[in-house]
Amino acid sequence: MAEPFSEGFESDFPDDNWAIYNALNDEDWSVYSGVSYEGNKCLRLRNFTNDESSNDDHIVSSTFDMSDYNEVVISYNWAYANKIDETDDRLRVYISTNCGDSWILKKMHRGYTDLPTSDPSDNPFSPDGDEEWTGYELIIDNPAQISSAFRVKFDFEGKGGNNMFLDNINIYGQTGVGVDDLSGVNTCLLYTSP
């Protein structure tokens with residue numbers, strides 16, 4: 001069995017596996033050194049200075065052929081803190097079964113509920129140790145949502161809150177026992193539009 005697809009942002013980004021879409025401002029997802037859940041780097045979105053009422057930034061995976069699997073597992077880690085005033089920033093995880101022509105929301109973490117991993121801060125947030133990170137494992141087991149043109153999108157909607165950090169993304173298929181080969185080729189253009 002092959003290893004699952006794993007992204008720790010330790011090398012070039014974006015690359016053939018990921019694309020960035022930045023909707024409204026000059027800040028977008030970028031590799032950040034010296035802070036991480038694993039390794040030495042992670043992905044950071046500088047949201048502290050965002051004074052927009054709503055700002056969407058996302059990263060989109062390349063295409064995976066998941067048609068031979070009966071479930072797909074997507075796991076990831078993040079770190080985030082509200083500003084002193086609680087904000088409703090949101091991290092959403094979407095999947096696509098058709099190369100990104102349409103998207104299905106699978107999970108949303110909100111600033112009012114489960115997005116914060118640390119106490120609120122009136123300074124730009126940067127995680128200081130493993131205790132300020134958390135993670136989630138998303139299991140896709142609906143056959144209608146597993147395809148040969150499978151993609152994943154992480155979308156952050158800033159609503160005036162603090163910085164967001166993302167690391168340790170893993171995507172793999174399972175047929176029931178263990179991790180299976182995820183060597184499907186890119187069958188679509190990487191990413192052209194939101």
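The following exchange asks how labels given to this predicted model are justified.

Trainee: What makes up the secondary structure of the protein?
Mentor: The protein has 11 strands and zero helices. From the N terminus on, every element in the run is therefore written β.

Trainee: How do you know which strands stand at the edges of the open sheet?
Mentor: The sheet has five strands in the order 2-5-10-7-8, paired antiparallel. Strand 2 (18-22) and strand 8 (104-110) each have a single partner strand, so one side of each is left without a neighbour in the sheet. From one strand to the next, the twist averages 15 degrees.

Trainee: Why are strand 2 and strand 5 called a pair?
Mentor: Pairing needs at least two bridges. Strand 2 and strand 5 (residues 55-61) are joined by five, and therefore they qualify. They run antiparallel. One of the contacts across them is A19, whose bridge partner in strand 5 is V60.

Trainee: What makes strand 7 a partner of both strand 8 and strand 10?
Mentor: The cut-off is at least two bridges. Strand 7 has six bridges with strand 8 and seven with strand 10, so both count as pairs. Both pairings are antiparallel. On the strand 8 side, I95 has I104 as its bridge partner; in strand 10, F154 stands opposite V93.

Trainee: Why is strand 7 described as mostly covered?
Mentor: Seven of the seven residues in strand 7 (residues 90-96) are buried. R90, R92, Y94 and S96 point one way, while L91, V93 and I95 point the other way. In a regular strand, side chains alternate between the two faces of the sheet. Here the residues pointing either way are buried.

Trainee: Why is the pair of W18 and F154 called tilted?
Mentor: The ring centres are 6.4 Å apart, and the limit for a pair is 6.5 Å, so the two rings qualify. The planes are 55 degrees apart. Stacked would need under 30 degrees and edge-to-face over 60, so this pair is tilted.

Trainee: Which parts of the chain does that pair link?
Mentor: W18 is in strand 2 and F154 in strand 10 (residues 151-158), 136 residues apart. The search of the whole structure finds eight aromatic pairs. Ring pairs also link W18 and F154 with Y76, W78 and Y136 in a cluster.

Trainee: How do you know whether W18 and F154 are buried or exposed?
Mentor: Buried means under 20% relative accessible area. W18 has 1% and F154 has 0%, so both count as buried. Across the protein, 49% of the 194 residues are buried.

Trainee: What makes K83 a charge over a ring?
Mentor: The distance limit to the ring centre is 6 Å, and there is an angle limit too, within 35 degrees of the ring normal. The charged end of K83 sits over the ring of F48, 4.6 Å from its centre. K153 lies over the face of Y94, at 4.8 Å from the ring centre. Both distances are within the limit, so the distance condition is met in each case.

Trainee: What share of the contacts comes from residues far apart in the sequence?
Mentor: Of the contacts with a separation of 6 or more, 81% are between residues 24 or more positions apart.

Trainee: How much area does the protein expose?
Mentor: The exposed area is about 8,900 Å², and carbon and sulfur atoms supply 41% of it.

Technical notes
Residues numbered from 1 in each chain as written. Predicted model: local features only at pLDDT ≥ 70, side-chain atom pairs only at ≥ 80, totals over all residues. Heavy atoms only, no water. Helix = DSSP H or I, 4+ residues; strand = E, 2+ residues; numbered from the N terminus. Axes fitted to C-alpha atoms, helices over the stretch in contact; angles between N-to-C directions. Buried < 20%, exposed > 50% of the residue type's maximum accessible area, 1.4 Å probe, protein only. Contact = heavy atoms within 4.5 Å. Areas by Shrake-Rupley, 256 points an atom, 1.4 Å probe, with all protein chains shown as cover. Phe/Tyr/Trp six-rings, centres within 6.5 Å; stacked < 30°, edge-to-face > 60°.
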